[in-house]
Amino acid sequence: MASAITNFLAKPHLYLPSLTKINLFNSHRSSHHQSFFTKPTYLVTKLESNPNLFATKATAASKTKKAASDERVQQVHSIEEFDEALKTAKNKLVVVEYAASHSYHSRKIYPFVVDLSRTCSDVEFLLVMGDESEKTREICEREKIDKVPHFSFYKSMEKIHEEEGIKPDTLVGDVLYYGDNHSAVVQLHCREDVERLIGEEKASGKLIVLDVGLKHCGPCVKVYPTVLKLSRQMTDTVVFARMNGDENDSCMDFLKDMNVVEVPTFLFIRDGEIRGRYVGSGKGELIGEILRYQGVRVT
């Protein structure tokens, strides 16, 4: 079974613009030294640093009561509260929105954060109003936040991703990608996990669709809601699984053995053998390839 994986050779494919190149000769640890995000400045507001403004906003904020609908969004007011919230969440995904009362885009996206907090019960949501007080400004300074709205994603008190000036659909995709622990998509963390899954499904005859990506890959995040939706619709015939190549050395070695040089790459496995692959993030193309490897004629 292991040899079937290791000896699989990919067919050459055309370069697609919706892909992320991988440097397979760099350790996954190098990702910690790279920027997590791009900055579309047209959707962000410079965080005010006027001390008088902070005092004014803090007074206004203290008179504002949170609506019942956003009870799951915890507003934090100091570094101590911030750190305690991350610690309490343990290994859950924590999504932090940094906002400001003078920011139009902060007000615009906050209702979507509230909606997500109600539907994603396994994710914790925090709100930091950067212009509320000196204490919230200290949080922003420590976390190097100077524009809002800004979203940071944490697990086990470690920042794993961040975005600035994003739109609601991107936020939803990020939350699903980084916080999806209880879906029908099997999470794989090493080569042994892959081999175990293949062994378990060999007798079932089901097609395994293995989504191989990276933690900070935009196209991987973009296509993942489609993967999640398909995993719920095709439970009788298809098993969906996911591996992030930069999670650890075992995952990166697996990508090298599979000759994965661009992500997302989808490997199609049936009866213990890899039958083919699709490289790209096109929703229609992915669905077409899944149907093809299920034996459905696609016209």
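Does C220 count as buried or exposed in this chain, and at what relative accessibility? In the predicted model described here, C220 has a relative accessibility of 1%, and because buried means under 20%, C220 counts as buried. This residue is a handy place to start, and the paragraphs below move from the chain as a whole to individual residues, peptide bonds and a cavity.

The chain holds 10 helices and 14 strands. Of its 299 residues, 50% are buried. The accessible surface amounts to about 15,100 Å², and carbon and sulfur atoms account for 53% of that area. Contacts also reach across the sequence: among those between residues at least 6 apart, 77% join residues at least 24 apart.

Confidence in the prediction is worth keeping in mind while looking at the structure. The average pLDDT of the chain is 81, and 76% of the residues score at least 70. Over residues 1-17, however, the pLDDT is below 50, and this stretch has 28 contacts in the model beyond near neighbours in sequence. Residues 24-42 likewise have a pLDDT below 50, with 28 contacts beyond near neighbours in sequence.

With that background, the view can return to C220. The residue is part of helix α8, which spans residues 218-233. Leaving out residues up to four places away in sequence, C220 touches Y177, G213, L214, V263 and P264. A further link across the sequence is seen with G280: the two residues are 60 apart in sequence, while their C-alpha atoms are 8.7 Å apart in space.

A second buried residue is D174, found in helix α6 (residues 168-179). Its relative accessible area is 1%, so D174 counts as buried. Beyond its neighbours within four places in sequence, D174 is in contact with F153, H161, E163, I166, G179 and V221. D174 and H216 are separated by 42 residues in sequence and by 9.8 Å in space, C-alpha to C-alpha.

R191 offers a third example, this time in helix α7. The relative accessible area of R191 is 14%, and because buried means under 20%, R191 is buried. From R191 to M243 the separation is 52 residues in sequence and 9.6 Å between C-alpha atoms.

Helix α7 also leads to the cavity. How many cavities of 30 Å³ or more does the count give? The count comes to one cavity, and the largest cavity has a volume of about 30 Å³. Its lining is made up of I198, E201, K202, K206, I208, I269, R270, D271 and G272. The elements that contribute two or more residues to this lining are α7 (191-201) and β13 (265-270). Sorted by class, the lining has five charged, three nonpolar and one polar residue.

Attention now turns to the backbone. Most peptide bonds are trans, and most residues other than glycine have a negative phi. Against that background, some local features are worth a look. The peptide bond from V148 to P149 is cis, with omega near 0°. P149 sits in the loop between β6 (147-148) and β7 (150-155). Another cis peptide bond joins V263 and P264, where omega is about 5°. P264 belongs to the loop between β12 (262-263) and β13. Both partners of this second bond have already appeared above, as V263 and P264 are among the residues that C220 touches.

Positive phi values complete the picture. Which loop holds S156? S156 is placed in the loop between β7 and β8 (158-164), and its phi is near 55°, a positive value in a residue other than glycine. N259 has a phi near 60°, again positive in a residue other than glycine. The loop that holds N259 runs between α9 (249-257) and β12. With a relative accessible area of 40%, N259 is partly exposed, because that class covers values between the buried limit of 20% and the exposed limit of 50%.

Methods. Residues are numbered from 1 along each chain as its sequence is written. This is a predicted model: local features need pLDDT of at least 70, side-chain atom pairs count only at pLDDT 80 or more; totals for chains, interfaces and linings use all residues. Side-chain values use heavy atoms; hydrogens and water are left out. On a 1 Å grid over the protein atoms alone, a cavity is a set of points where a 1.4 Å probe fits but cannot get out, and a pocket is an open set with protein on both sides within 12 Å along at least five of seven lines; lining residues have an atom within 4 Å of a point. Grid points are joined across faces, edges and corners, and a volume is the space filled by probe spheres set on the points. Helices (H or I, at least four residues) and strands (E, at least two) are DSSP runs, numbered from the N terminus. Ala, Val, Leu, Ile, Met, Phe, Trp, Tyr, Cys and Pro count as nonpolar, Asp, Glu, Lys and Arg as charged, and the others, Gly among them, as polar. Buried means under 20% relative accessible area, exposed over 50%, partly exposed in between (1.4 Å probe, protein chains only). Contact means heavy atoms within 4.5 Å. Accessible areas come from the Shrake-Rupley method with a 1.4 Å probe; for residues, only the protein chains shown count as cover. pLDDT is the predictor's confidence in each residue, from 0 to 100.
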